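Take a walk through this fold with the viewer open. We begin with a pocket and end at the helices.

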Amino acid sequence: MSDRLKIFLYRWAVSIAGTKQPPTEIIRGGEESYSNDFYLVRLKLSPSSREFRAKSLLPEGVEGIWFGQDHVGHEAVVPNWALPEMYFAWEHFYRSLFIDGVSAFRFVLYHFTGYARYIRWRETFYQFAYNRKRLARRDRITILRYFFQEYVKDNRFSVTAAGLAARLYGTRWVLHPKHDESHAYYRLLLNSLVQSGDIIRQHDRFFIDAQALETIAAADESDRRHRDNIWYQRILAALTFGLILVGAPQAFFNGMAALQRCC
């Protein structure tokens, strides 16, 4: 793509984003987020560098806020000639949705096709289907094993009761009719694990404790004994059935012989 075309697309995208300016405070969740409908356009020197948040167009470039290493925003202007050297990223906060991308051309296409409404309708349908599902509850040992698996991946792992439910059921859980019941259940379950010493609570977050390893090991041993008992019972049942098959013909012939003698 030529620099001239890239400058044209970047400026066009910024002008479109200017028609839906973000509020001073961005609300990302809850019922208040359902009124969201605004764009954010970000320009960066590299994918990992600090960003320039575009606000409006000037004849000589793009006006906005530059966030440096101090994380403090400063008024700045990116000249038109520098635009082709920058990475483009956009975000759309639409109702409760968050949609993003990294192409100025796709952003322009996205805006004029009204693709956000399609995504909204699709998500509404998926949420309706999800709300009809039953949320199967996990038991204490299952939750402890989950904590252990996540701790092995990241020894700083911690989670809230709501965060745990979201991890187990997905983000759609928040809008499920049984949301409050599930949240209360996992809050009670985690508090019971705190009482047994398997989990530590700090404020509203829960961390696994070393005691959990003994609890999991004891549960694994109990499961192993249970499986062994089932296996032994199946062997005993098979042997009993085999003895019946072997002994039944002999008992039949003995009975017939006794009947003939009597007659």
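Some vocabulary comes first: Ala, Val, Leu, Ile, Met, Phe, Trp, Tyr, Cys and Pro count as nonpolar, Asp, Glu, Lys and Arg as charged, and the others, Gly among them, as polar. By that scheme, the lining of the second largest pocket divides into 11 nonpolar, three polar and three charged residues. The model is predicted: local features need pLDDT of at least 70, side-chain atom pairs count only at pLDDT 80 or more, and totals for chains, interfaces and linings use all residues. Residues are numbered from 1 along each chain as its sequence is written, and side-chain values use heavy atoms, leaving out hydrogens and water.

Now the sheet. It is open, with six strands in the order S4-S3-S2-S1-S5-S6 and antiparallel pairing. Strands are DSSP runs of E, at least two residues, and helices are runs of H or I, at least four, numbered from the N terminus. Two strands pair if DSSP finds at least two bridges between them. The edge strands are S4 (73-79) and S6 (97-101), each pairing on one side only. Seven bridges join S3 to S4. Phe-67 stands opposite Gly-73 in S4.

Look at Glu-63 in strand S3 (residues 61-67). Is Glu-63 buried or exposed? Neither: Glu-63 counts as partly exposed because its relative accessibility is 28%, between the buried limit (under 20%) and the exposed limit (over 50%), with a 1.4 Å probe and protein chains only. Glu-63 and Phe-52 are 11 residues apart in sequence and 9.2 Å apart in space, C-alpha to C-alpha.

Finally, the helices. Helix H2 (residues 104-113) lies across S1, strand S5 (87-94) and S6. Helix H3 (residues 115-131) lies across S5 and S6. Contact here means heavy atoms within 4.5 Å.

Conventions. Axes fitted to C-alpha atoms, helices over the stretch in contact; angles between N-to-C directions.
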